[in-house]
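User: Please take a close look at a single residue in this model and at its surroundings, and then set it against the chain as a whole.

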4 protein chains.
Amino acid sequence: MAGNSFGSVFRFTTWGESHGPALGVVVDGVPPRLAMSEEWIQPFLDKRKPGQSRYTTQRQEADQVKILSGVFEGMTTGTPISLMIENTDQRSKDYGDIAQRYRPGHADYAYDAKYGIRDYRGGGRSSARETAARVAAGAIARRILGEDVVIRGALVQMGPHKIDRSRWDWDQVGNNPFFCPDPVAAEEWANYLDGVRKAGSSCGAVIEVIVSGVPAGWGDPIYDKLDSDIACAMMTINAVKGVEIGDGFAAAALSGEENADEMRAGNDGKPRFLSNHAGGILGGISTGQDIVVRFAVKPTSSILTPRQTITATGEEVDLITKGRHDPCVGIRAVPVGEAMLAVVLADQMMRHRAQVG
Amino acid sequence: MAGNSFGSVFRFTTWGESHGPALGVVVDGVPPRLAMSEEWIQPFLDKRKPGQSRYTTQRQEADQVKILSGVFEGMTTGTPISLMIENTDQRSKDYGDIAQRYRPGHADYAYDAKYGIRDYRGGGRSSARETAARVAAGAIARRILGEDVVIRGALVQMGPHKIDRSRWDWDQVGNNPFFCPDPVAAEEWANYLDGVRKAGSSCGAVIEVIVSGVPAGWGDPIYDKLDSDIACAMMTINAVKGVEIGDGFAAAALSGEENADEMRAGNDGKPRFLSNHAGGILGGISTGQDIVVRFAVKPTSSILTPRQTITATGEEVDLITKGRHDPCVGIRAVPVGEAMLAVVLADQMMRHRAQVG
Amino acid sequence: MAGNSFGSVFRFTTWGESHGPALGVVVDGVPPRLAMSEEWIQPFLDKRKPGQSRYTTQRQEADQVKILSGVFEGMTTGTPISLMIENTDQRSKDYGDIAQRYRPGHADYAYDAKYGIRDYRGGGRSSARETAARVAAGAIARRILGEDVVIRGALVQMGPHKIDRSRWDWDQVGNNPFFCPDPVAAEEWANYLDGVRKAGSSCGAVIEVIVSGVPAGWGDPIYDKLDSDIACAMMTINAVKGVEIGDGFAAAALSGEENADEMRAGNDGKPRFLSNHAGGILGGISTGQDIVVRFAVKPTSSILTPRQTITATGEEVDLITKGRHDPCVGIRAVPVGEAMLAVVLADQMMRHRAQVG
Amino acid sequence: MAGNSFGSVFRFTTWGESHGPALGVVVDGVPPRLAMSEEWIQPFLDKRKPGQSRYTTQRQEADQVKILSGVFEGMTTGTPISLMIENTDQRSKDYGDIAQRYRPGHADYAYDAKYGIRDYRGGGRSSARETAARVAAGAIARRILGEDVVIRGALVQMGPHKIDRSRWDWDQVGNNPFFCPDPVAAEEWANYLDGVRKAGSSCGAVIEVIVSGVPAGWGDPIYDKLDSDIACAMMTINAVKGVEIGDGFAAAALSGEENADEMRAGNDGKPRFLSNHAGGILGGISTGQDIVVRFAVKPTSSILTPRQTITATGEEVDLITKGRHDPCVGIRAVPVGEAMLAVVLADQMMRHRAQVG
């Protein structure tokens, strides 16, 4: 309710600002007796952390996670798991300029309008640095889901440039700095993003996350549907402006015949679907097919090209946003999207278990 | 949590199946001393109700709302408002066929997989008939929001056919059976949809809802953002597969310069934005600009063209879905989308008031 | 949140006023495929309903429950169960006097202070008539709990007169109009309450509810403890002013040695406790012992003896509360207390299943 | 839902174990622009902290609070406030004995039965050390409530020994190590508790908290009543077994005439009540009178007298609980009860504002 928690049975609460001493998350409702350690969580954070290539912000943060509670002798105890990540490379002086100036496309004005106060350093609470906390929560969620549920994300569009889906290769995702499954596109994007970066500009992106191994039956109609929870989750990620399930907006242009995912009897006693326009969810409930989610990330608002804006006192000024920023914040949204899908699924799995047993 | 409620401070719970005796909604948290009556609510239901043109299902339902509690001498009392709508034109025999057969694209299989039982008559709980209850809740939400907040929806795409935005005229929306703001498109859609209907097929649609009059400051970062609440709300509507705020997916292809909504000092002491790519929301908080939401509705799954499917016992069969259905369920989703926006905004307004006063 | 719902995974929402057309409850989160019918629910309502002896209000209400949704062919479907009870014996003219006068001990003034409006007829929403809805929800909760969990309540004190616990006999509870387990006390109470009634006065009571068959492990520390949920539940019942678990307030006077419920190894592999001062709950979690709850009900505020009060406009007046009232509202609180324990336990059982499996 | 959060609009989540590196709380929903600092919070923690007299545990903890987020330049920002308290005086070796043995009256067995694992060191999560986190949250809640709302607690019974209410003097509460408002009783308790302590025993207590300055109108009927929220809050405190509002259990023995709090017209346009049997709450809503709450704390379960118990493997043993313990844990429950009342009231105040404006 108060805004900084997500989930119901599996529920986490994040805290912290970009330039505060630390940020963190309290994860509640975790089943007991799961193997848990900092070593399990850290690789997920490493995947998201900045400074790994010239295509992300040069802020150097180890993003080292520390478990403060809820784990005993390497196992979860069922009590809240508190995780903390210290901030180590704040450079607040970069932000003197924006104390009084509203960066266009940023939350600066909105926060001031709402609260009448804001920690302007690095965007404060609205910084994408908060997503580290979600990624940590997502790592715990994955432990709950187990190894049968496989969650994999990829960048499928950078700026106006889409991948060629016929070249999709999951093995390529780890081979380039963009989580791109199409090696040819990855090459092109490298050039494109270099140009964007050098121009002091930025670009947007589209991320696709696919989950396999979710059994049929998860999701709580009518208002906690699996897809409505996912849409909510994705839209909470910084800079996201659109979410799709399955064919998404393209479904509007299909005929009823085309869109119907026909069924045949599978060998395992379950239906075998002949297509997956629905993206694995019907009536808000999983069908056992792959869950397919896409979300759009707008271009980074912090750019070096001057933009017209106003100050807190209403003065008209031009603004260049200095500091260290991602030219394409969508890249690092890939592990964040995966994490948010993991937390939605863990929650829905446990809720399903609550009601249906 | 249990799935059939929406909202937090302003919260409603719906109940009822397509072919049960009635359906309804309990609306809780309504501020006291608001004028309220069945006459206020009914026009919103009339806008959604079926059988108003040859383009919607021919099921004849008066959708007459009855207030059972929470209103005293024409005013809300602050206690829960219970609203009931009786079902009067069920024809359950139409549904004998689907008791054992899973309609492709429908929730039949998913409900069985989850619950091991389902009321198959007319889709039971998964029927779009449930949306009448939301529309009633939305009418109450509009009373809370007052007259300054204007919520208007329109169909902007039917099947593959988009409107020409240069012809957008809100006054046209009431002049055609499609809530279409472009009179030329409306003519074309009439022909198109006649063809779809006669072919025993169906088509999808895209709806856009625009809200003016929302002040800057509503929305609860990080996990109850105004846009994440909206995305959730829209995705709970039957057959919705995608949601966008502002430029949505198109934002991914913009440069940072293009996407930045620049600000100048307005005459009223508030900023004047030079564009609205953000759709009125930054950092999950309203900016005072128009809130712009789009969502995609897939084609109606109930079609007269045979599709391959299986039975509950795994037998492979072909299925034609008889009964009375909308050839384009997206049309009636327009008032539903408006209602869901109203409930999200009423809740966020009251939550903002709770925290900030 | 909005006040008229209870529970989390198993969750119900009540609505309706004393003199409105009906009252009801929507029960959400019910597991599917449980046998459910009006015949199952009605006996619980009959136990609570008024007019069954000269010791309760003479308002004649059949309290006939109607299932409007969520049950199909005699079984729950997992979708919300809407239950409605029509009001048939309102006599609103009895309440003309209190439209402007605040009855001492009643919620009249408090409701006006909060909402600035109230349905004064029969107490409106604050009437104990609302408890019928909870009892209906409790009947569903009992189905979830199954037959192994036995919930039984009794009146253990009427006015200043306590039962003799050495005479406790559960079989007596149904043999007198007071749910009294001590036949001697029941006789004495009959005389006592006749005197109270004839004097135009009223009296309070203490109810004890005991639950057997709850396995060890239910309850969600720290803030959704089994006992904190129970305390909350009991205190939501009209006129309740105190709640105890196990020895309750008497525990304060015990020594640590006396209070410790010592354990020996039981034949079933579980501990055998040598006493039950804790009332079956330790650390907020059930221990497998009987759960023992007591709550105190204040005397009915509606009495025929004049009391000093003021009007809505601040005039000082004397007030006699006419109408039909229970001289000891605590009697009918017995089935209500049982119902509230049932809903707490069903919710906690399902929550335990969610987290621990 | 998941158990470690409390409140709705104003909501906090605690984490940490007795012998972990730290414990803490995340407080969400705090209004912006309130003065906030570690200096404001610390005195409340100091009041609760152990080792201040020979009557509490000798564990030496500074209980130094650290603000990690949500405060900027001395003011709340409206974002979550994360507070951490490091544990510095763990002596885990004291607890080797209880790794396998269930302490009677403790949560040991219940936690094992629920989770199948527990951090036994110092009681782990079930330790009263957790209450430090609540007290910190309560300090923030007090800032929200402002100076007009005065919350004061006192010990009114130690073991079987009650205070003489005619000697009640708030100024005495700070003059003895028991928060006792009766100086004579305080003297007697000192001797009594010395005896208890030397005997290796323990005793219970009753705490009363009184709040003045709450305006009429707070509280959310039916299921989030001010009194049901309070009952829940008090019962979440370790070792509490009973809660009363106003006359509580004694109300059961009153006649309707005695119990009715009669009203006269006050000089300020508000009613003047002639008594306060209701404890300031009617129908779940505050009346403007003092709110009066009492709760009973059982004797500390950790005693030096051997008790019969079993081991995790079912072996029958005798157990002495070594370690450092409060002979009367009720003493330190006084500031904890105050804090819990503060959080309930802050939440209800904000909820009232949400609905009624």
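Two residues are in contact when heavy atoms of theirs lie within 4.5 Å. With that in mind, where is Arg332(C) placed, and with which residues is Arg332(C) in contact, leaving aside its neighbours within four places in sequence?

Analyst: The model is a predicted one, and what follows should be read in that light. Arg332(C) sits in the loop that runs between strand S18 (316-319) and helix H7 (333-356) of chain C. Its relative accessibility is 12%, and because buried means under 20%, Arg332(C) counts as buried. Once the neighbours within four places in sequence are left aside, Arg332(C) is in contact with Arg48(C), Lys49(C) and Pro50(C), with Thr56(C) and Thr57(C), and with Asp326(C). Phe178(C), although 154 residues away from Arg332(C) in sequence, has its C-alpha 8.2 Å from the C-alpha of Arg332(C).

For the wider setting, the values at hand are those of chain A. Chain A is built from 7 helices and 18 strands, and its radius of gyration of 21 Å is close to the 21 Å that the globule rule gives for 357 residues, so chain A is as compact as a globular protein of that length. The C-alpha trace of chain A spans about 65 × 50 × 35 Å along its principal axes, and 69% of the 357 residues of chain A count as buried. Among the contacts in chain A with a separation of 6 or more, 70% come from residues 24 or more positions apart. As for charge, chain A carries 39 positive and 44 negative side chains, with the centres of the two sets 4 Å apart.

Terms used. Residues numbered from 1 in each chain as written. Chains lettered and ligands numbered in written order. Predicted model: local features only at pLDDT ≥ 70, side-chain atom pairs only at ≥ 80, totals over all residues. Heavy atoms only, no water. Helix = DSSP H or I, 4+ residues; strand = E, 2+ residues; numbered from the N terminus. Rg over C-alpha atoms; globule rule 2.2 N^0.38 Å. Buried < 20%, exposed > 50% of the residue type's maximum accessible area, 1.4 Å probe, protein only. Lys, Arg positive; Asp, Glu negative; His and termini not counted. Charge placed at Lys NZ, Arg CZ, Asp CG, Glu CD.
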